[in-house]
Amino acid sequence: MHVALSAPATNDRTPRYMERALAAILKAKVTTDPIILGFESINGRTVLSVTTSDCDEQLVSNPIAANYPNCTLTPVEESESSPLGWSAWSAELDLSPELFPIMRHAQFEDLLNSTFADPVSGILRAILPAPTVQCCVEIHITPASPQRYRNALRTIHVLDREFFHIHHRLAEYYADHITRHRRWFLAWLLGLLAQSSPRLRHTSLDISSSRLHDREDRLAAASDKIGGHLFETHIRLIARASPQDQEIAIGRIHQMAGAFGSFTQSRLATFHLSKIRRGTLPPLPAYGFLMSHEELSTLFHPPT
């Protein structure tokens with residue numbers, strides 16, 4: 001199933017509705033096939049799209065339709081989104097350290113003035129269609145395995161040991177590498193050393209996070225993220241253009257990557273752009289990074 005999602009851009013709480021839909025999808029999903037949340041250009045229009053396997057079609061579309069009763073889900077033919085005769089350039093975004101969250105939609109709200117500075121508008125501007133280039137963003141998500149959840153939770157409690165509260169740079173190295181499949185051994189040794197240090201009596205893990213995530217410390221933010229519904233995530237940026245417009249296509253990929261910068265803070269997690277490749281889209285890495293349903297609803301929702 002490949003559908004375009006459209007909804008009236010009048011409600012400043014649309015990310016909350018998508019958050020509920022993603023939570024319902026996680027509980028209902030029965031296959032391991034990824035769901036692709038997309039921003040793309042179709043017939044000259046910039047749209048949000050959802051792609052799933054046929055088995056998951058109702059399990060994905062029903063929660064979205066239930067939370068957005070005024071939305072329209074329009075089937076899209078694959079040929080409509082694939083320009084003929086153009087080359088493709090692509091790159092992936094990685095989130096590091098994945099234990100920590102990006103900025104979440106509540107942090108873009110101004111309760112005093114009842115406004116919402118929608119960060120999705122930056123992505124939509126970055127993929128605007130042009131005669132010489134066509135861009136899209138694909139967010140591939142699958143429910144995270146129980147093992148990944150347990151590993152992430154254990155890592156947060158190790159970071160809360162006295163050793164890492166004293167040695168901040170070692171704590172950053174540990175958080176950045178312990179969940180990776182490269183250079184994890186040194187981080188594992190640091191974890192063993194930290195576990196020999198005492199536990200702190202009162203830490204930020206004992207304090208509930210506020211809905212607005214204001215004055216939230218790093219460990220509290222990580223604990224709040226891991227306590228949510230977790231998805232294993234890949235983000236792919238794609239630009240299609242004629243071969244002579246290579247520089248334009250590469251520039252648009254950097255523009256799309258820059259749009260994701262508005263979702264991050266240096267003290268938490270940040271996105272990093274991989275090498276840009278030309279040609280057939282390569283297989284995605286075996287392991288993605290963790291994102292909560294709250295983070296994903298911030299990245300993907302009908303614009304306000």
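## Two helix pairs and a few residues to look at

The backbone oxygen of Ile 102 sits 3.1 Å from a polar atom in the side chain of Arg 104. That's a handy place to start in this predicted model. From there, we'll look at where Arg 104 sits, then at two pairs of helices, and at Ile 64 and Thr 179 along the way.

**Arg 104**

- You'll find Arg 104 in the loop that runs between β5 (87-96) and β6 (109-110).
- Arg 104 has a relative accessibility of 1%, so it counts as buried, the cut-off being under 20%.

**Helices α1 and α2**

- Helix α1 covers residues 14-28 and helix α2 covers residues 57-67; their axes come within 9 Å and cross at roughly 155°.
- Angles over 145 degrees count as roughly antiparallel, and α1 and α2 are therefore roughly antiparallel to each other.
- The crossing of these two helices, α1 and α2, is right-handed.
- On the α1 side, the residues that meet α2 are Tyr 17, Arg 20, Ala 21, Ala 24, Ile 25 and Ala 28. Their partners in α2 are Leu 59, Val 60, Pro 63, Ile 64 and Asn 67.
- Sorted by class, this contact of α1 with α2 has nine nonpolar residues, one polar and one charged.

**Ile 64, a closer look**

- Ile 64 belongs to helix α2.
- With 3% relative accessibility, Ile 64 counts as buried, because buried means under 20%.
- Setting aside residues up to four places away in sequence, Ile 64 touches Leu 5, Ala 21, Ile 25, Val 50 and Cys 71.
- Ile 64 and Glu 19 are 45 residues apart along the chain, and their C-alpha atoms are separated by 9.8 Å.

**Helices α6 and α7**

- The axes of α6 and α7 also come within 9 Å, and they cross at roughly 125°.
- That makes α6 and α7 oblique to each other.
- The crossing of α6 with α7 is left-handed.
- From α6, Leu 170, Tyr 173, Tyr 174 and His 177 meet Trp 184, Leu 186, Ala 187, Leu 190 and Gly 191 of α7.
- The contact of α6 with α7 splits into seven nonpolar and two polar residues, with no charged ones.

**Thr 179, between α6 and α7**

- Thr 179 is in the loop that links α6 (168-177) and α7 (184-195).
- Its side chain makes a polar contact with the side chain of Glu 98, at 3.0 Å.
- Apart from neighbours within four places in sequence, Thr 179 is in contact with Glu 98 and Leu 99.

Key: Residues numbered from 1 in each chain as written. Predicted model: local features only at pLDDT ≥ 70, side-chain atom pairs only at ≥ 80, totals over all residues. Heavy atoms only, no water. Axes fitted to C-alpha atoms, helices over the stretch in contact; angles between N-to-C directions. Helix = DSSP H or I, 4+ residues; strand = E, 2+ residues; numbered from the N terminus. Parallel < 35°, antiparallel > 145°, perpendicular 65-115°, else oblique. Left-handed = near helix turned anticlockwise from the far one by under 90°. Contact = heavy atoms within 4.5 Å. Nonpolar A, V, L, I, M, F, W, Y, C, P; charged D, E, K, R; others polar. Polar contact = N/O pair within 3.5 Å; in protein donor to acceptor, adjacent residues only side chain to side chain. Buried < 20%, exposed > 50% of the residue type's maximum accessible area, 1.4 Å probe, protein only.
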